[in-house]
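The following exercises are to be worked with the sequence and the coordinates at hand. Each task is followed by a solution in steps.

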Amino acid sequence: MKSGLARTLKRTESRCSCFRSPALARSARSYSVVSPSTSGRAESPLAKVLRDSIKATGPISVSRYMQWCLSHPVYGYYTQGDVFGQKGDFITSPEISQIFGELMAIWFVTRYIAAGHPKRCRIIELGPGRGTLMADILRTFDQLKSIASSLKSVHLVENSEKMRAVQSSNLDRFCEERDIAIHWVDRIDDVPPGDEFTFVVAHEFFDAMPINAFEKAPEGFRELMVDIDPENGSDSTSCSHSGLRLTRSREANSSALLIPATSPRFAALPIGARVEIAQDSWKIARKIGEMLQRSEPGSTSSSAGGAGLIVDYGADKLFPDSFRAIRKHEIIDVFDSPGESDLTANVDFAYLREAIEGTGTSALGPISQGQFLLSLGLQPRLQKLLASNTSPERKQDLIKGAQRLVDPVFMGSQYQIMGLLSGAGEGAEVYPFPSLVPTAAEPGETRPDS
Ligand SMILES: C[S@@+](CC[C@H](N)C(=O)[O-])C[C@H]1O[C@@H](n2cnc3c(N)ncnc32)[C@H](O)[C@@H]1O
């Protein structure tokens, strides 16, 4: 969620040994060391709910912890409202520069033209935030009459009522003026099947999907669970503010037996290795693959195929300990303020590709955000915007925003973009992605083409 890395972050440390991210710690980003105990903030109401639940029924998985923290019906982070922007907890690429959404739209236009100008299209966005990206895409589609007139509906996958209200206020009129129907659903499974050409976009959505965390012991995988820290009461001061901590289960639970078996990369991990696995991401990616697949002639379903873009921070490999919390543009302890900070984990794009395999949809890349945006014309677009703006302040904003999106140390490299396309096969090249290579990634390694 959460443009973790889009944000200028400071790192807050506690003496909890929970999740550490060497990759993050190594990044050139500056960070401050702030003890959560000195924050002086009142404990979050969700911390007590979580402790009471753990007392009653035992430790909970990290995925359950994330679900509660992000989507609890009363105290969930996204349930409570708009958390974006300089004044919020983080700022995302579409909020930084309109060029981001415009160039994503341009890629969709290339796929639309390659598909022979389908007469009817729809667009699905997962995790639409404020609706800014969708507005930028629709505005860019206006430039090509055939695509603008073919687009019949927008489907927003959003489970927060408050975020839906923000999206509605930013998109309703926009869609009405273009005669585009707008629908909200809680889950991608609720988007109705359609025979239109389908565009799918997910920016900073998969990083919000709950992860389960495992460690490989000599006897097999063991799940890492969220438990009450025995050294801390409800007024915990020495560790996380919430009195919660991470522990390793002694026994193999069903998740530890099942989930790590979902990829050969997990099975190949050495003893002592940790891995974060987002099962929901697998299911959602699979569903997207199925939705974009073109129907075979004579089949009972009729789908015109489609194209998708998944943008997130992460890489084409698994991650051992990227789970983190973000609040007021700082990285803080994941247990410091449940429900009051964004929780996020890097996206394992290789896992998404594994999910899509066999659906009839191809996964392209991922490539870096910098490479994608520069290949699609970020520089000329910026020049055009500069030429049509007279205000020096606005010009500076445009330049800074564009630079930020492609900065090779931060957003330009930390964000990766995966393309999805119905059909396409090995050897196919779909600009700006490299040709499809049938290489399985090794555990922890990046594919040669990324
Ligand atoms: C970090 S924001 C990204 C927003 C937007 N894509 C952007 O870049 O500005 C994550 C979005 O996903 C939504 N979201 C988070 N978890 C979700 C879930 N399980 N189901 C549906 N939407 C979810 C949030 O409410 C929010 O709109």
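A residue counts as buried if 20 or more other C-beta atoms lie within 10 Å of its own, as exposed if 12 or fewer do, and as partly exposed in between. The model is predicted.

**Exercise 1.** Determine which residues of helix 6 are buried, and state how the rest of the structure surrounds this helix.

*Solution.* Step 1: apply the cut-off of 20 to helix 6, which covers residues 132–141. The buried residues are Thr132, Leu133, Met134, Asp136, Ile137, Leu138, Thr140 and Phe141. Step 2: since eight of the 10 residues are buried, helix 6 is largely enclosed by the rest of the structure. For the chain as a whole, buried residues make up 50% of the 450 residues.

**Exercise 2.** Describe the packing of helix 5 against helix 6.

*Solution.* Step 1: the axes of helix 5 (residues 98–114) and helix 6 come within 8 Å and cross at roughly 55°. Step 2: this angle makes helix 5 oblique to helix 6. Step 3: the crossing of the two helices is right-handed. Step 4: helix 5 contributes Gln98, Gly101, Glu102, Met104, Ala105 and Ile106 to the contact, and helix 6 contributes Leu133, Asp136, Ile137, Thr140 and Phe141. Step 5: by class, these residues comprise six nonpolar, three polar and two charged.

**Exercise 3.** Classify histidine 117 and aspartate 179 by exposure, and locate each in the chain.

*Solution.* Step 1: histidine 117 lies in the loop between helix 5 and strand 3 (121–126), and its phi is near 50°, a positive value in a residue other than glycine. Because histidine 117 has 13 C-beta neighbours inside 10 Å, it counts as partly exposed. Step 2: aspartate 179 is in the loop between helix 8 (161–177) and strand 5 (181–185), with a positive phi of about 60°. Its 10 C-beta neighbours inside 10 Å are the reason why aspartate 179 counts as exposed. Step 3: most residues other than glycine have a negative phi.

**Exercise 4.** Which stretches call for caution on account of a pLDDT below 50?

*Solution.* Step 1: the chain averages a pLDDT of 86, and 83% of the residues score at least 70. Step 2: the pLDDT is below 50 over residues 1–39, a stretch with 95 contacts in the model beyond near neighbours in sequence. Step 3: residues 233–238 also have a pLDDT below 50, with 12 such contacts. Step 4: where pLDDT is low, the predicted coordinates should not be read in detail.

Technical notes: Residues numbered from 1 in each chain as written. Predicted model: local features only at pLDDT ≥ 70, side-chain atom pairs only at ≥ 80, totals over all residues. Axes fitted to C-alpha atoms, helices over the stretch in contact; angles between N-to-C directions. Helix = DSSP H or I, 4+ residues; strand = E, 2+ residues; numbered from the N terminus. Parallel < 35°, antiparallel > 145°, perpendicular 65-115°, else oblique. Left-handed = near helix turned anticlockwise from the far one by under 90°. Contact = placed C-beta atoms within 7 Å. Nonpolar A, V, L, I, M, F, W, Y, C, P; charged D, E, K, R; others polar. pLDDT = per-residue confidence, 0-100.
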